[in-house]
Amino acid sequence: MKRLLLCSIVTLAFVATAPASAQSNLERLGQFRTTGVTEFEVVEQGGQNAEAIRRILERINLPSGFKIDLYAVVPDARHIAVGPQGVVTFVGTRKTDVWAVTDRNKDRVADEVKRFAPSLDLMIPNGPCFSRDGFLFIAEQNRVLMYPAAEFFYESPDVVAVPIVPQGELIPVEEESFNHTARVCRIGPDDKLYISLGQPFNVSPAEKMDLYDRTGIGGIIRMDRDGTNREVFSYGVRNSVGMDFNPANGELWFTDNQVDGMGDLIPPGELNRQTEMGQHFGFPWYGGGSTRTNEYKGSEPPADLVFPVVEMDAHAADLGMTFYTGRQFPQMYRGGVFVAQHGSWNRTEPIGARVMFTSVNDDGTVGETKVFADGWLDEETGEYLGRPVDVAQLQDGSILVSDDLVGAIYRISYER
């Protein structure tokens with residue numbers, strides 16, 4: 001039996017027979033055959049853990065009319081993909097699990113959280129994303145699996161899975177790293193799959209430049225949904241862990257985490273806007289915004305660099321982001337960007353652990369950037385009481401926020 005992840009995880013069923021190898025399981029699933037695995041890991045949603053999380057939420061500051069509630073207890077919760085049918089929400093992790101979160105009675109609180117596709121071995125399945133026609137993609141450390149009917153098959157431990165980028169082919173195997181390896185993905189308005197590939201260094205060395213430019217490491221790649229016609233879409237990106245497309249014009253926007261060790265106040269974090277394929281966003285010549293890196297001060301940057309549309313607070317760790325397209329929130333939020341700030345890890349005075357909002361004008365330019373939700377950082381003690389990772393929108397226009405420190409998904413709603 002697999003180990004339990006937390007004391008709140010219970011076993012729903014048992015393995016009837018010894019499962020085959022992970023690779024043969026993937027092959028069997030692709031042939032619509034069973035694997036023999038019948039076990040699910042289910043996360044308890046009540047009890048003392050849930051009550052402790054709710055007490056933390058009493059500290060969260062929001063604009064007038066908004067409220068925050070515990071939506072689900074989800075261990076190591078990272079990036080969120082809401083199913084287009086509204087049946088189930090998938091949550092990735094930086095470990096080995098993807099969680100299926102279901103609100104069966106539609107009271108806007110999850111009834112069930114269980115491990116998705118338990119017959120498969122996954123490696124850092126941080127980045128789930130959906131196509132509009134219901135295909136789920138999960139970007140792992142060095143593989144991309146496509147689940148063509150995840151909202152239908154998720155109730156079973158056996159789920160149809162297709163490796164559109166086989167193991168070891170997303171990046172060269174020799175470039176696999178423990179650092180900056182959490183991928184995110186989106187399906188663009190061109191119906192192509194976009195995936196960010198963070199480079200593993202604080203500042204990447206010059207001898208890696210050609211390889212990284214060819215493979216898209218330190219950038220964003222795109223490909224057809226079947227994995228063919230791969231190309232590098234964005235260059236000069238240190239480690240993006242959040243992207244979305246502006247629904248007004250289809251432009252790609254993404255966050256980027258910038259160089260460490262340059263001081264508390266520099267370089268800034270980034271919110272970037274890409275207007276055409278192949279643009280370069282400055283790294284490693286620039287550590288963030290217009291701040292040059294020490295390592296590349298004597299080297300001429302590429303021409304026509306694109307600088308961020310918003311310079312965020314240094315080291316606040318801007319991660320997941322989403323454009324708000326709902327109607328529940330007031331008009332001022334519609335068409336704007338919500339960004340989750342994970343919080344600093346090496347700043348002498350911690351900053352972040354909050355949700356930011358940037359208004360976006362009709363022409364794609366930005367308005368004001370301001371704090372939307374905070375309180376997860378105790379400013380008196382410097383203790384993190386939560387660390388937001390991603391923001392996603394439910395069909396009713398409320399938003400979900402993931403927290404990988406507490407292990408939870410929160411729902412923020414608005415009452416007129």
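Two strands count as paired if DSSP finds at least two bridges between them. With that in mind, welcome to this structure, which is a predicted model.

**A hairpin to start with**

A good place to begin is the pair formed by strand β25 (residues 354-360) and strand β26 (residues 366-373). These two strands run antiparallel and are joined by five bridges. If you look for Val355, you will find that its bridge partner in β26 is Ala373. Five residues lie between the strands of this hairpin, and in the hairpin Gly364 takes a positive phi near 90 degrees.

**The chain as a whole**

Stepping back, the secondary structure of the chain comes to four helices and 31 strands. Its radius of gyration is 21 Å, close to the 22 Å that the globule rule gives for 416 residues, so the chain is as compact as a globular protein of that length. The C-alpha trace spans about 65 × 50 × 40 Å along its principal axes.

How much of the chain counts as buried? Of the 416 residues, 59% do. As for contacts in the chain with a separation of 6 or more, residues 24 or more positions apart account for 59% of them.

**An open sheet of five strands**

Strands of a sheet pair through backbone hydrogen bonds, either parallel or antiparallel. One open sheet here has five strands in the order β12-β13-β14-β15-β19, with mixed pairing. Which strands stand at its edges? They are β12 and β19 (279-280); each has a single partner strand, so one side of each is left without a neighbour in the sheet.

Inside that order, strand β14 (residues 219-223) pairs with strand β15 (residues 231-235) in the antiparallel sense, over three bridges. Ile220 stands opposite Ser234 in β15.

**Pockets and a cavity**

Rolling a probe the size of a water molecule over the atoms shows where empty space is left. The table sets out the spaces described here.

| Space | Volume | Nonpolar lining residues | Polar lining residues | Charged lining residues |
|---|---|---|---|---|
| Largest pocket | About 1,000 Å³ | 19 | 12 | seven |
| Second largest pocket | About 530 Å³ | nine | 11 | seven |
| Largest cavity | About 50 Å³ | three | five | three |

The largest pocket holds about 1,000 Å³ of space. It is lined by 38 residues, of which Phe130, Arg132, Arg186, Ile187 and Asp244 are the closest to its centre. Several strands contribute: β4 (80-82), β8 (127-130), β12 (185-187), β16 (243-245), β23 (318-323) and β29 (388-393) are the elements that give two or more residues to the lining. You have met β12 already, as an edge strand of the open sheet.

In the second largest pocket there is about 530 Å³ of space. Of its 27 lining residues, Arg94, His180, Asn239, Asn257 and Trp345 are the closest to the centre.

The structure also holds one cavity of 30 Å³ or more. Which residues line the largest cavity? They are Ile171, Glu175, Glu176, Ser177, Asn179, His180, Thr181, Arg183, Gly198, Pro200 and Ile217. His180 therefore appears both in this lining and among the residues closest to the centre of the second largest pocket.

**Backbone details worth a look**

Most residues other than glycine have a negative phi, and most peptide bonds are trans. Some places in this model depart from that pattern.

Where are the cis peptide bonds described here? One runs from Ile266 to Pro267, with omega near -10 degrees. Pro267 lies in the loop between β17 (252-256) and β18 (269-274). Another cis bond runs from Phe283 to Pro284, with omega near 5 degrees, and Pro284 is found in the loop between β19 and β20 (286-288).

Positive phi values turn up too. Arg108, in the loop between β6 (99-102) and β7 (112-115), has a phi near 65 degrees. Ala117, in the loop between β7 and β8, has a phi near 50 degrees.

Is each of these two residues buried or exposed? Arg108 is partly exposed, with a relative accessible area of 29%. Ala117 has a relative accessible area of 1% and is buried, because buried means under 20% relative accessible area.

Methods
Residues numbered from 1 in each chain as written. Predicted model: local features only at pLDDT ≥ 70, side-chain atom pairs only at ≥ 80, totals over all residues. Heavy atoms only, no water. 1 Å grid on protein atoms, 1.4 Å probe; cavity = no way out; pocket = protein on both sides within 12 Å on 5 of 7 lines; lining within 4 Å. Points joined across faces, edges and corners; volume = space filled by probe spheres on them. Nonpolar A, V, L, I, M, F, W, Y, C, P; charged D, E, K, R; others polar. Buried < 20%, exposed > 50% of the residue type's maximum accessible area, 1.4 Å probe, protein only. Rg over C-alpha atoms; globule rule 2.2 N^0.38 Å. Contact = heavy atoms within 4.5 Å.
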